[in-house]
Each structure stands twice: as structure tokens, then as C-alpha cells.
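Work through three exercises on charged side-chain pairs. Each solution goes step by step.

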Amino acid sequence: MVLSLPVTKSLFPSPCWPERRRKFHLRSSTVRCGIAEASGQPAPMGQKTKYKDGLFERVFMSLFSRKMDKFGRGGKAGMEEKGLFDCDYESFVEVSRGVMEGRSRLQQQQVVREVLLSMLPPGAPAQFRKLFPPTKWAAEFNAALTVPFFHWLVGPSEVVEVEVNGVKQKSGVHIKKCRYLENSGCVGMCVNMCKIPTQDFFTNEFGLPLTMNPNFEDMSCEMIYGQVPPPFEDDPVSKQSCLPNFCSIANPNSSLCPKLKA
């Protein structure tokens, strides 16, 4: 995924790229481009953050929506009939919700895995392993890349210092208020269609461990490159209840989000 993103980036430059280039630093960075709030920061909890997506963002939303719709439908015709710029973030979230419904936790994760693999050129995982062995430098480099290239998906983030196996390193990414969780409001979608498949993809396909720790109290999230994720049963998210104030399909009477069940 990281290997293919810079290529797409050069083909579809964002109108906000000059500002981003001034703000982006390899060791520590925060990308604010796309936020339409007057403060330049995500809206407070309970309020939906306003975004103004550029060309690059709209293209990626369309590509991901098409891929997700294709694999979710089992290859049947769907969103590929729409134009490249016809999908917005809400459309992307709705397609994700459609994939989630009627599928088990593992089935949802498998669809996302297939989507991610389909976005890469042949042999990309093997090439990634050669270029980025699981070292401190590789973890820090990928954390730095995450900030500018994934802001369209998760919102503003910044590189932070974390401790991995007793070593302090700048391989953490703090997502201030995850756009995906904010728009879906669904614990199951966050865990099954973002956290677990992304962790698994980097750890098992790319060979670079990654742990993601979503905070359902404020919708922030911490990504730690270089840290091996725990088994699902030992992960605190496995016991997370629904967010009834934000999720349209929440079950407020259940102590566990139904979508987290096997």
C-alpha cells in the first residue's frame, strides 16, 4: 500500500499539496489539509467534523469504494458504473456498512484484505519486506508516511514517540479524531474493517508489526509501528460495547457490540 500511494499521489496532486509540503517533516508532522473547521482541528466529541476534500481525496474514496463494493458483491456489477469523482466519504462509509451486514467478523476482515491486496501491484508485499525489514528505522519511516498519505481516510494525525520493546522511537501515529469511526459511529466497522485487517496486513503480509489502539471515548486512535498486535481475545476492543449515540444499528442492551462476535 505504501509503495503504491506515492505513485498515485504524483498522478493526482492535491490542491493543498503546497501547504502540506511546508508542514510535513519526516520526523514529526501534522497534516491539517482537508479540515473545513474554522479552528483547523476536528470538531468536539458529539459534533461531526467538516471536511473539504480535494482531487486526491475524492479519487481515493472512489477507488476504495469501487473495490470494496466489487469484493462485497462477489464480483457483481455495482459502483464501478459511477464516475471516478462521483463518490464522497459518506458513500465510502455506506459501502463499508453494506459489506459488514450479513457477514461474520472474519468474513468482513477477509473482504478488506482482498481489497488491500487488489490495490497493490504484483509482488508488492515481497518487495516491501526487502525495503522495510522490521527495524526501528522502517517503523519510524512508515509512521511518517502515514500522516500525509492517509489523512483522507482517518483525518488529521501526527507522529509521536512511543516505546516498543523497551526502546523509545518515533514510530507512533496519533489520530486526533478518526474520520472513519466518526462517520460510521460503529465499533464493529472500526474493529473489523479497519483495525484488525490493517494490523494483520502490515504484520503478516508486509512483515512490519503494527498495533492500532482506538479510543472509543474520544474517537482518537494510536498506531504503533513495530509493535506486535495482541490476539483478538486479549485485545481490549474485543469487549467493547456499542456506541448507541452514534451508531444507527447499535444494540444499547448488549454489553458487547454484536459485530464483534465470531
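A salt bridge here is a side-chain nitrogen of Lys or Arg within 4 Å of a carboxyl oxygen of Asp or Glu. The model is predicted: local features need pLDDT of at least 70, side-chain atom pairs count only at pLDDT 80 or more, and totals for chains, interfaces and linings use all residues. Residues are numbered from 1 along each chain as its sequence is written, and side-chain values use heavy atoms, leaving out hydrogens and water.

**Exercise 1.** Find the partner of Lys48 and place both residues.

Step 1. Lys48 pairs with Glu90; their closest N and O atoms are 3.6 Å apart.
Step 2. Lys48 sits in the loop between α2 (17-23) and α3 (55-72), and Glu90 in helix α4 (residues 89-100), so the bridge ties together parts 42 residues apart in sequence. Helices are DSSP runs (H or I, at least four residues), as are strands (E, at least two), numbered from the N terminus.

**Exercise 2.** Analyse the salt bridge between Arg179 and Asp53.

Step 1. The closest N and O atoms are 2.8 Å apart.
Step 2. Arg179 belongs to helix α9 (residues 179-184) and Asp53 to the loop between α2 and α3, so parts 126 residues apart in sequence are tied together.
Step 3. Arg179 is buried at 4% relative accessible area, while Asp53 is partly exposed at 23%. Buried means under 20%, exposed over 50%, partly exposed in between (1.4 Å probe, protein chains only).

**Exercise 3.** Are Lys195 and Asp235 buried or exposed?

Step 1. Lys195 is buried, at 1% relative accessibility.
Step 2. Asp235 is buried too, at 3%.
Step 3. The two form a salt bridge, with closest N and O atoms 2.9 Å apart.
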